[in-house]
Structure formats: structure tokens, C-alpha cells
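Me: I would like to learn how to read a few features of a protein model, taking them one at a time. Could you show me the general idea and then the case at hand?

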Amino acid sequence: MSMIKGITCMGALALAIAVSTARAAAPADIHEAVAKDFDKRLKSLFLHFHQNPELSFRESKTAARLAKELRALGYKVTEKVGGTGVVAVMRNGDGPTVMLRADMDGLPVEENSGLAYASKVKQKDMHGELRPVMHACGHDVHVTALIGAARQLAEHKQDWAGTLVLIGQPAEELISGARAMIEDGLYTRFPKPDVALAFHVSSGSAAGMLQVPPDIAYSSSDSVDIIVHGIGGHGASPHETVDPVLVASQIVVSLQSIVSRNINPLQPAVITVGAIHGGSKHNIIGERVDMQLTVRSDSAEVRQQLLDDIDRVAKGVAISLGVPDDKLPEVIRSKTESTPPTINDTASAELVRTALTEQFGADRMEMKPRDGMGAEDFAYFVAPEHGVKGVYFSVGGAMPADLAKPTPHHSPIFRVDYEPAVKAGAEAMAVGAMALLGKP
């Protein structure tokens, strides 16, 4: 028995050594190289991106600047993929194909961060409405760090083998851009990655801290609209009507029973009614109420159950309150504002986490529990049907003064300590990519 156990341990050790030597090790000078690049180029690039944000599917200037920077580093660049998306390719011998992704879009929010370099930009959105714009979710950090990582990888080609695919993705805030790029041939027109790597800056973690989840990184998200129909009339004669406000109110309450009574309590799930609009005057019973929902889960099975149960509840409540068959609620699932959960490939995530620990030190790594059910359309790049493994990690960006009360993402006061965040993001992306690429 002891001999068998010894052979097994030796085999495991050999496998570990093989895996370790198969990947490209990060060059010892990469930390200093990123710091110098920040002082020389990345700082001004970040300030440019922060002060010139663009809305989803309107990121033409951001994309052009990203493409220019990557071309200058020797990448073969293609623009206008999936709208305003950028794809850059660098081949460096035989080995795995690794994709690095950064999202580019800002948000229709007027910045009130108090920063000297705050955005003052306004831009017309897809509907032609002029909106204030700011990087209220850190995508300026992501794009800048991608360029920083691209430089290190281009200048250290002797340390890795394989193919790099770098992408600037549009419209993450609409959770639509990743799907648009895939539909435009990302995985057929360009080298299909074995592994995709991305990160998000977090205003809730100390600047420069790193976290690599072993599995679930972000929840699924589905936008659902419910149109509730009724029969209008005078508010003093409700018996002659079917009141859609009452029906909608009952639907709101009943929807909460789905999570509390139909979903396994050990499975995360959320149904939030974010908007409800109906009626026009105190004494008028209208004929329509519009509801807008966001639906979150951590698994494909729970996601489907939630969506199916919303259909059931909306119809069932309407029938119970006397809504005629020809006026039953319309439940509309968005075909664009939806994304599956982002789930890391555990083996690849462990490889990246180990490499980052070696590079940054164990004191820079953290493992905080998730405190919400945010979503990320990076999930489309690593959906099971594509056969692409994914690693999505987090880089802390909180300013020291904000640690006790972090500035919320998507808010006018959002801000990050961009120097340590950009440096850590660029270095981690480069080191993570080398961990996944081959060794010459």
C-alpha cells in the first residue's frame, strides 16, 4: 500500500512539475517595466480615456485610439468588429491561443466625483438623445491596462509561445457587445482562443489587491418587460373595469414568491422590479401598466426556472383577477440585454492565481465573498457551446479615503485610485497571459 501511495505521489509531483514548466514564466523585470510604462505612457492614456468616455456602441474614438496603440506595438488589428469592437492578433510560434479582453464603454451619468480630471462630455445615445457620459464603472482602467499588458507581451516574445488575441469590446453596459462580436465572426474570422482572460476594477477593494475566483465570478442577468392590460374606466366605478394597476401590484408581490418558495434556498436568485409605470390621473382607471424587471441567478437551470415562473405568475395573477383571455399580460424577454453567468474554469483560474501569487506575493491576493449578483457579458465569450475556458479576476481600485465607504459603481461619485489599479491590471494581465501561453 505504501509503495502504491508513493508512486501516486511521485506521479502527482511529476504532473505538477510538467504543468509548471509548460507555461511561460513571467520575466523578472516586468514589474519595473510596467511602472516605467505608466510614467511614460499609461498615465496620460488613462486620463485621455477618462476625460473622453463614450456610450455603448458609440465608442468610435476610444476604439480608434486603442487600435492605434496596438498597431504601434506590432499587432495585426481589425476594427469595427461587432460594431465598434477592436481585435488585435499577435502570433508567436506554436502554442495555446489566449484572448485578453477589455470593455470600452462609459455610462450615461454626469460625473460628480470631485476629481480634477472629471469628464464633462456629452454624447448622443443610440436613440439620438444627448446624455452626459462618464466612466462610472472603470472601463477606462481596463482599456489602459490592456494596452499596458499588450506592450509587455510584445516586448517579451522570447518568454512565451502561442497566439495572442486582444479585444476592445463595445457595449458591456448593455450586456450586448460580447454577443455582437461573436455574431460578427470573432471565433471564425480570428484565431479561436483556448482560454480568455479579463478583469474588472473594484472600488470596494484596496487599490492593487487581486482576487481570482475559482468558479462563479458573476451572475446571469436578464431584462424582462411585462405589459399588463386592463379595462379602463372611472375610478369611482371600479366594478365596471379590470384595473391593471391592481393586477400589476399583485404580480409584483407574487413574483417574490418565486425565489422564496420555488427556488432551492441554497441557490442564489433575484427578481427585482426596477420600474413600473401606469395611469394618468387620480380618478381614472387606465388600460395599461408597464413593468421592467431584472432577473439574476448563478446557474443555467435556475435562470431558466426563474424566467418560466415569471410567465406563469404573470398569467396566473391576471386570470385570478378577471383579466380576459385576449388581454393577458405580455411577458417580453430581452434578446439583447441578457447574459448567462460568468463561471471560471477552475484549473485555468488556479494556474493564473498561482502565477499572480508568485508575481505579486500572497499579501496582495484576497478571497472575499461576493456581496451582490452583478453580471458580465464576458460570459458569452466562455459559454459552454464555444469550448473556450475563461478566467475573470478582480483588481482593487479604492482610494484610501474611500475604503470605509466605497464609491458605488455606476454612480456620479464613482472614482478609483487609477495609478495602482492600472499598474496592477496591466501586470496581472501580462503575467496571467504568460501563465496560460506556452513556453518557447
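**Reading exposure, contacts, rings and a pocket**

Reply: Let us begin with exposure, keeping in mind that this is a predicted model. R41 has a relative accessible area of 26%, and it is therefore classed as partly exposed, since that class lies between the 20% and 50% limits. R41 belongs to helix 2, which covers residues 30-51, and its C-alpha is 14 Å in space from that of K68, although the two are 27 residues apart in sequence.

Me: Is D103 buried or exposed, and where in the chain does it lie?

Reply: D103 is buried, because its relative accessible area of 0% falls under the 20% limit. Its place is in strand 3, residues 97-103.

Me: Which side chains make polar contacts with the side chain of D103?

Reply: For a polar contact, one looks for a pair of N or O atoms within 3.5 Å. The side chain of D103 is joined to that of H139 by such a contact of 3.3 Å, and another, of 2.6 Å, links the side chains of D103 and H142. If residues up to four places away in sequence are not counted, D103 touches H139, H142, V143, Q169, E172 and E376.

Me: How many aromatic pairs are there, and how should I read one of them?

Reply: Rings are paired when their centres lie within 6.5 Å, and planes over 60 degrees apart count as edge-to-face. By this rule the count comes to 8 aromatic pairs. One of them is formed by Y218 and Y392, with 5.2 Å from centre to centre and 85° between the planes, and it is edge-to-face. This pair links distant parts of the chain, as Y218 is in strand 9 (residues 216-218) and Y392 in strand 17 (residues 389-398), 174 residues apart. Y218 is partly exposed, with a relative accessible area of 22%, whereas Y392 is buried, with a value of 1%. Ring pairs also link F38, F46, Y117 and Y418 into a cluster.

Me: What lines the second largest pocket, and what is its volume?

Reply: With a pocket, one can ask for the volume, then for the lining, and then for the character of the lining residues. The second largest pocket has a volume of about 190 Å³, and its lining consists of A300, E301, P340, P341, I343, A379, Y380, V382, A383, P384 and E385. Helix 8 (300-320) and helix 10 (378-381) are the elements that give two or more residues to this lining. By character, the lining of the second largest pocket divides into 9 nonpolar residues, no polar ones and 2 charged ones.

Definitions and conventions:
Residues numbered from 1 in each chain as written. Predicted model: local features only at pLDDT ≥ 70, side-chain atom pairs only at ≥ 80, totals over all residues. Heavy atoms only, no water. Helix = DSSP H or I, 4+ residues; strand = E, 2+ residues; numbered from the N terminus. Buried < 20%, exposed > 50% of the residue type's maximum accessible area, 1.4 Å probe, protein only. Phe/Tyr/Trp six-rings, centres within 6.5 Å; stacked < 30°, edge-to-face > 60°. 1 Å grid on protein atoms, 1.4 Å probe; cavity = no way out; pocket = protein on both sides within 12 Å on 5 of 7 lines; lining within 4 Å. Points joined across faces, edges and corners; volume = space filled by probe spheres on them. Nonpolar A, V, L, I, M, F, W, Y, C, P; charged D, E, K, R; others polar. Polar contact = N/O pair within 3.5 Å; in protein donor to acceptor, adjacent residues only side chain to side chain. Contact = heavy atoms within 4.5 Å.
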